[in-house]
Structure formats: C-alpha cells, structure tokens
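Colleague: I'd like to learn how to read a protein model. Could you take me through a few features, one at a time?

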Amino acid sequence: MSRGGFVKKMRFYGWIAALALFCLPRPAAAAVTLTVKASGGATYTTIQAAVNDVPGSLSDDYYILVQDTWTYNESVTVQGKATNGYRIVISSDGALTDRPFVSTTTANAFTIKNSSVTINGFRVTNTGTYAVYVSSLDFSLTNSSVTAGTYGVYVVPSASGGSVFVSSNALSGAGTGGYGFYLNGGGTANSVTVSSNAVSTANGVYIASNGNGAVVVSGNVIITPVNATRYGINLNYLYNGATVQYNDIRFTAAAAGYNFYGIYPTYVFRAAIHHNTINAPVPTNNPLFKGIYLVSSPDSDITFNDISANPGSGQSSWLYFSGTTVFSTGTYIAHNILSALGTNTTGLYFVDASQTAGTVSNYNDLFGFKQTGVIAAVKYAALSNWQGAGYDAQSVSLDPLWVSTTTATPDFHLKSPAGRYSNGSWVTTDTSTSSVIDRGDPTWDYSLEPTPNGGRVNMGRYGNTPEASKSPSSGSVAILETGEWYPTLSQALTSLSTNTITGDRTVEISAGTYLESASPLQTIETNSYTLTIRNASGVNNVVFDGALFARTIGLDLKLTDTSTAVVSGITFKNYTTYGIKVTNGSSVTIDSVTVSNSGTACIYEAGVKNSFDVVRSSAAGCTYAVQAAPSVSGGSVFVSSNALSSTNYGFYLNGSYANSVTVSSNTIYNANGVSINNNQGNTVVSGNLIKVPVTTTRYGIYLQNLSNGATVQYNDIRFTAGAAASVFGMYLQSVYHPAIHHNTINSPDPTYSIYFNGVYLVSSPDADIMFNDVSANPGNNYYSAWLTFSGATVYSTGAYIAHNILSALGTNTTGLYFVDASQTAGTVSNYNDLFGFKQTGVIAAVKYAALSNWQGAGYDAQSVSLDPLWVSTTTATPDFHLKSPAGRYSNGSWVTTDTSTSSVIDKGDPTQAYSREPQPNGCRVNMGRYGNTAEASKSTSTIGGIAACGLKYYDGTQIVTLACESACDAPTSKLRFFKEGVIYGLPLVDIADPNASTLRINVPAGIKAIRKFP
C-alpha cells in the first residue's frame, strides 16, 4: 500500500463492522447448541462439561451457550477437537442483562489448545499468571472483560496460517511485567488483529515474531500506570510490518527514572502508524518518555498522530529512531501534532545520521520542544534551525488547541467555532480555533472530513476522518469563461493549474468570508492569456481571513514565467506570513485590494519577470506593506496610489538587477517609508506622503547601492514625536547621480530631542539637491544636520545644492555638514535660504557659525538667512507654500489674504527657469518646494505678467488703457517702450479676442490687435 493509501482504502471505521461476525448472542439455526446454567434448568451446569461433550470431529458449528450470570469457578480447557472448518463458540446468552463470570485462582480461566475457538461475552478473572491462555490457531475473544495476575490474553500460536482476533474487550492485569494482550508467534505467519479493546494493565499490547503475517492493532484505549518500564504497544520482529491505528494510549503518574514508550516497534518493516493518540500529562517523578520509538524499523509511515506529554525534567523524545535501517527507502512523517511540556524534550531524535536516509518529515506541528530535532547528537533548537537542516519546511510550531489533555478524560479534537465533534454530536461553542485545521499537505486527500473542510486536510489524530473539526467558509467561486463553480478559491486555481488554458480566464468570488489559504496545486500556465481574480460585485465584501486557523498565506499565486495575472477588489487579513504572495509570472497587477495584519509582508512578489504593479490598494499591519524581490533584469516594479502602513517599511525592494522601479503618489505611514536596495536600473520615488512616528531609528526614504542613481521628487516626509532617536528624512548610500528636488521634510516637535538628519548622503556623488524645504526642531540634546555628506566621493564632480529652504530651531543644528573636506570637491552650493542654524556649515569639524562666515569659506555667496514665512510647519497639517498677498495656492484655489510676504519669493538663481510659475512671477524663480511649479506663490513685483503701465489712447468713444508686459516675459510683439527703468512690450491678440483694442498692427502672423487692459 502506498503512503497515505491506507486512509483512502479504510474509509475510516467501516472495517469494524466485521466484528459483528464474532458477537453472536444466539447460534445460527444450523448449529448445534449446548446450554449451560449453573443454577439448573439447562443441559449442563459447568462450561467444561459442555466442552467435553463436543465431538472429537465436528460436522457443524458448536455453540456452548451460558444462560445465567452466575460465577463459574472452573478452569475451562478446549483441546483435542478436529474442527474440520467449523467453530466452537463459547458464549453468554445475548438475552442476559449481564455477563457470567469465569473465575479461578489455581490455573488459567480459559486454556485454548484447539483451533477455531471463539469466546464471547464473559467476565474472566484469574489471580494467577494468565487469564486466557491460547496455543492454537483461529482464536477469537470478543465482548469480554479479562483480569489476570500478569497477562490478560496470552497467545503462543502452535502453527502458521491461522488468525487471532481479540476485539471489544476490557483487558487488565496486575503483574509488573504483564500485558493486556501478549502474543509471541515464534516465527509463524498468522493474521493478528487486536482492536477496540479497553486495556488497563501494566503494559498494553505485545506482538512478537509473527513471521510474515499481517498485524493490526486498532482502536484500543490503553491506560498504563508508570511504576516500572512500561509499553503502550510493543512490537518485535514483524517482517511483514504492522498497522497501528486509531489507538488511544494514556500514561498515568510515573515513577522516577523509568522509561515509558507509547509505541515501540523493533524490526518492524513498513509499519503504518497513524491516527493514534499518546498522552502523558502528569510529570510526577520526572520519568523518561518516548512517544514512538523505532529500532531498526525502516520504511514506516507515521502520519496523523497526536502525542502530548509533560515528562518534567526527564530526557524525552516524541519520535525516536535508532538501529540499522536495513533496506530503508526512508520514513514518511506527516500531519502529526507533537506537543511538549518539560525542560528536556526533543521532537524528532535520530541516534545517527543513517536513520535519516530518505526520510521525509513535513506538515507537522512541533510545539514546545527544547530542541525540535536531534541528529547524531547535533541539536536543532528552534523549528527554523531544524528547517535549515532540511526537514519540516512547511511544518509549524503552534499550540494545537486540543479540547483537553487530562489523564482521565483527554479529548484530542481540535477546537473550532465552526463545529467540533463531541460524544456523538457537533458543538459550535468554541471561542477559539486551532491553528492546525487545514494545515496539512495540500495534495493530501481530505474527502472524509465533513464540510465545510476548507479544501485541505487537518493535522492530527482526526485529520481526514468524519470527526475532523470543521472549517467554516461562505460564498462561492466561479470561472466565468467555463461556467465552473467551486467552494474555495484553491479548488478553482487548482483546476486552472491542472488544465490547459485556451483563453482569458476570470475567477469571480462571491461575497463572503473565506477561511482558506488559497493556492493552486501546481504553477498556473496562462499560455499568454490573462488570469483575473476579482470580487464579483460590491466593495470589500469578499474577505479572506486567516485568523481562525492561523493560515500562512492568503493568496499564494504561483505562475509560470510567461503568465499574466490581475488580482482586484479582495480583502486579505490575518495571515501569518503573506497576505498575497506572487511567485514568478510575466506581468502581475494587484489593483484595489486591501491587505492587513499579514506577517512578513502584506503583498510580496518574487521573480515576476516583466512588470509587477500595485495600485489603488491598502496594506497595513505587516512588517513590510509591499515587498519586492526581482530575480531577473529588465522588468519593472510600479507601486502607486496606495495607502501603505507597516512595522518596518511601507515599500521594500532588494533587487540586484537592472529594473525600473517607481514608487509614486502613495500615502505611507506608521514606521519607515521607502527602502530600495541594489537596483541597477532606473529608480523614481515621487509624490509620496510619508508619515513616520519616531519610536526608534527611522527613515523616510532609504536608498542604497543604486549605480544608476535615483530621482526623489515631490515627496512630503513628516516625522512625529515619539522617542529620543535618530531620524533620517532621506538616507542615500552609494547612490550615484541622485536628483533630489521639490521635497519637504518636516520634524517640528522637540518633545524627545531627536537626532535629526534631513538629507544624509553616504558615498553618493554628483547629486542635484534643489528646491527642497527642510524644517525641524530637534530640541536641544542632539547634534543635527539638514544636509550631511560623508563617505568616499568616488568619481564625484561635486554636488549641486540650490534653491533649498533649510530652516532650524534648536541649539545644536547645522545646515550643511561635510564630514571631511573630500566631500566638498567640486560642490556648488548657492541661492539657498539657510535660516536659524547654530552653525550654517561644518567642514571636517570646522564650524562656520553665521552665513557670512560660511560665505567666507567660499559657499552660498548669493544665499540668504531669512524666515521663509511658510504658511505652517505643524505636524498634522503642514503647508510649505510661501506667504504672499499677491496670491498663494491653497487647496485647489488661490488666496490673497496674506498680510506678509516671504522674502525668498523671486530669490532663486536669476538664470534658472521660472516658466512654470504663475504670473506675476517677478521673472525670477522662487526658492523652496514650489519653486518653478504651478503652485509657486505669486510675486508682488510689478515685473512680470499683464499689467497697466499708463499707456492710453482715445478710440473715438472712450479712453482705453493698453496692456503691458515686461520684456522678461517675451512679449508677443516687438513694440517696446521704456518707463521708470523697466522695458515693457505691448502684447498682441487676435482681433476677435474680447481684450482686443481698435489699434491694429500687421505682423508676419497676420493683422493683430494691441491688447487692452484689463
């Protein structure tokens, strides 16, 4: 049988129906019946007398039917009968309300030396060594209780080819070395089944040397007190293997220094150990616990077991492997829940590396261990260390949330508000949900689990059984082009991954909450078509929620390198690793999704080849809101118009490739803003609003190792008070030729005296730093600098620094800081406003306090030190427009209510372009964030723009004032006149223009009119 095949073939407990064949309260009509009644009124008063009258050679089945509940103080022996294919059945009458006793203190209660004997429905007691002694074939014991001094049922088959069937009994023994059931086959090949018994004795079940016969130990409850070395199930030298399934093994309070073993196979080949529970919750006297202990037992399947123990300080292992592996192709270990308390515990222990050959261990829950695994004395403490050794890549370490692990009434069903099996019915009263529901191998069969089952098998004892805890879900999923419907997205994606796609495919998800981890069975090949996964209708009404089952990934989208996909309109929340994970693909777009509280990254891509776009989406509560890891050169990453919040960075990229990366128009808040590392292509960070609370070292924009430079423009970076720490508005390291312009950096609150860095460049030569506003009040305790330059300048031709407004409050502030003189080589700094600094500049620890001192050092000859008169520098609603009575842009319109005018309007380099500034613009660019933009504050100067300059004429009906414009604005005609030191031109318009005067002039463009004013 293949690994996992037994689950599909057994169809759970259906095989137990065979027990009814051995539980015969009344004989069949054709059988011979001998009645026994110690109280009188039957053919015999003793069982032995009836046995003695069974013929020596049978031609029918013989039933010895005991018809009262008296105590039969006798030792019953069956021997010397030729059964000829018939059976001898010794049974209590099914009409009795209780079972008769068979009791003796001097010998065995039953001694069976004859083949084909069934004992059914007795209470058997014997204070001696054996209660039931069997040395024959084809023996069955059913529906009885057996108590012995040492062994309940003791079997030593005398030949090969028969069967032993012991089922639905209560077996107990008092001896320190005894077993409830004991068989030593002596090399015979017999079928042995021990099932559905309650075993309460020193040890549980022992089966040894059964040759090549089939062995099944199934459905037993074994309760064992540990007052010596103890075994739940002990199997030895079974070369045809054994099936050990659905057993419940419980160890009670233990004595110091003793080993106790849940399941102990020695030289058992191809053992199938599945759906068992082993429980040792009481740590009394610190015993030495072994859950499943395999010695030279290769090629085992160990699946769907629950093992829970608290061995105290005793050295213990839940799965233990030793001895030679013989012809092993490896052991398969999956879907087990191993949970530990205690200070010296190991999940999987391999005595030496030879036992690991071919072993596969995965999709297990390994919780609470001192060391997850040990191989040849090398210890792997955390699960991550064990995974690093090559095991349990998809396993977890999570509290399984069993119902109870007490000794008396353990219940290893997993908690679930959606439904948990309990004593024959389903309860929905749980307030918490086990994290290992739907956590098994996604390729494994789950068809026996009740619906809703999440489309994935549970871990543990009840995985893929009718008692598996339920996975609540709602909604439905459709593939529009094919008309197929599925209960889960995983099933829809799996269908796409296992069928040929011949056109665009649209997966629509109806409104509801889905509790799955959606993933295809294998990678999806779209064959150049587009796969769209979207909300069927509405806004935020399709929710994938990983909280109930602590799922790892919300959507695990696996694509071939040539596939295209779009995901839109869906909410993902509460996943432990990723909300959306995209692996490979050609072009992928994430549009209008919401992702929250999803571990490492809300949205993560690795290996998308051509384009990965995230637009109009919201991501919050993850380590990284959006994380990209391009794996090849030439593609693009585009992240725009999103709301991103994180505990580390809103956007994080580590590339090492030549890709185009654009991060634009996002609102980023909570921790750090944008980090882009090792990208060799074009990098643009533009138009983002970045709000950073200062709780530790924080960065607005962090760029590193960008050999093709970066453009950082129109960003608004705001730091709020939180803690005394370092903050960096922009941090660039080894970024060549960066263009940093039209940004604002604001840190107005001095509450915690932060260490403020506005723009900090490390080994980033040839930078253009222009039109930026940097305002901060870092308090009085820390040294702060608005522009800092350090590191090797490499092939620098110098930085160009102009039109910036740097404004400071605080007692330890510097405008421009050059860590050493090498960073100043070729640097030009001029036409800046450097206001309020303790020292305007520092070069290699030499401080230049006033602007005049700094100008004396050769910098900022035309710069000023003036209050820029920004509208506001508050944290909540800063506004870095410059005040101007002539007009200031404010929220989409122009206001003229200012009563003061910024001194840095029209203070930029007179050779710098100003054409984007509205008129009147003074024919000269403004300093700061809005210089040479459509939002530049207007000039109060008469220079520039359309104005009346006193030139008038009479057109026959009225006096008309003609319009003028300054020569700097390139007037539309060559007509000039000089007035009060200013050269004006007369602008021309079409004669049909409403502003046209009656004065006409012929120009190359035709006849035009001189414009009138206004």
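Colleague: Is Thr 500 buried or exposed?

Modeller: Buried means under 20% relative accessible area, exposed over 50%, and partly exposed in between, using a 1.4 Å probe and protein chains only. Thr 500 has 65% relative accessibility, so it counts as exposed. You'll find Thr 500 in the loop between helix H4 (489-498) and strand S45 (505-509). Helices (H or I, at least four residues) and strands (E, at least two) are DSSP runs, numbered from the N terminus. The C-alpha atoms of Thr 500 and Ile 524 are 9.3 Å apart, with the two positions 24 residues apart along the chain.

Colleague: How far can I trust this?

Modeller: This is a predicted model, where local features need pLDDT of at least 70 and side-chain atom pairs count only at pLDDT 80 or more, while totals for chains, interfaces and linings use all residues. Residues are numbered from 1 along each chain as its sequence is written, and side-chain values use heavy atoms, leaving out hydrogens and water. pLDDT is the predictor's confidence in each residue, from 0 to 100. Its mean here is 90, and 94% of the residues reach 70 or more. Over residues 1-26, though, pLDDT is below 50.

Colleague: Is Ser 144 buried or exposed?

Modeller: Ser 144 has a relative accessible area of 1%, so it's buried. This serine sits in the loop between strand S11 (139-142) and strand S12 (145-148). A polar atom of the Ser 144 side chain lies 3.0 Å from the backbone nitrogen of Phe 122.

Colleague: Which residues does Ser 144 touch?

Modeller: Contact means heavy atoms within 4.5 Å. Not counting residues up to four places away in sequence, Ser 144 touches several, including Arg 99, Ile 119, Phe 122 and Ala 170.

Colleague: What about nonpolar side chains?

Modeller: In soluble globular proteins, they tend to be buried together. A nonpolar core is a set of buried Ala, Val, Leu, Ile, Met, Phe, Trp, Tyr and Cys residues joined through side-chain atoms within 4.5 Å. The largest one here has 92 residues, and Ile 533 and Phe 651 have the most contacts inside it. Strand S57 (residues 618-629) gives the most to this core, with five residues.

Colleague: And how do I read a sheet?

Modeller: Strands of a sheet pair through backbone hydrogen bonds, either parallel or antiparallel. Two strands count as paired if DSSP finds at least two bridges between them. One open sheet has three strands in the order S90-S92-S91, with antiparallel pairing. Its edge strands, S90 (988-989) and S91 (996-1003), each pair on one side only.

Terms used:
Polar contact = N/O pair within 3.5 Å; in protein donor to acceptor, adjacent residues only side chain to side chain.
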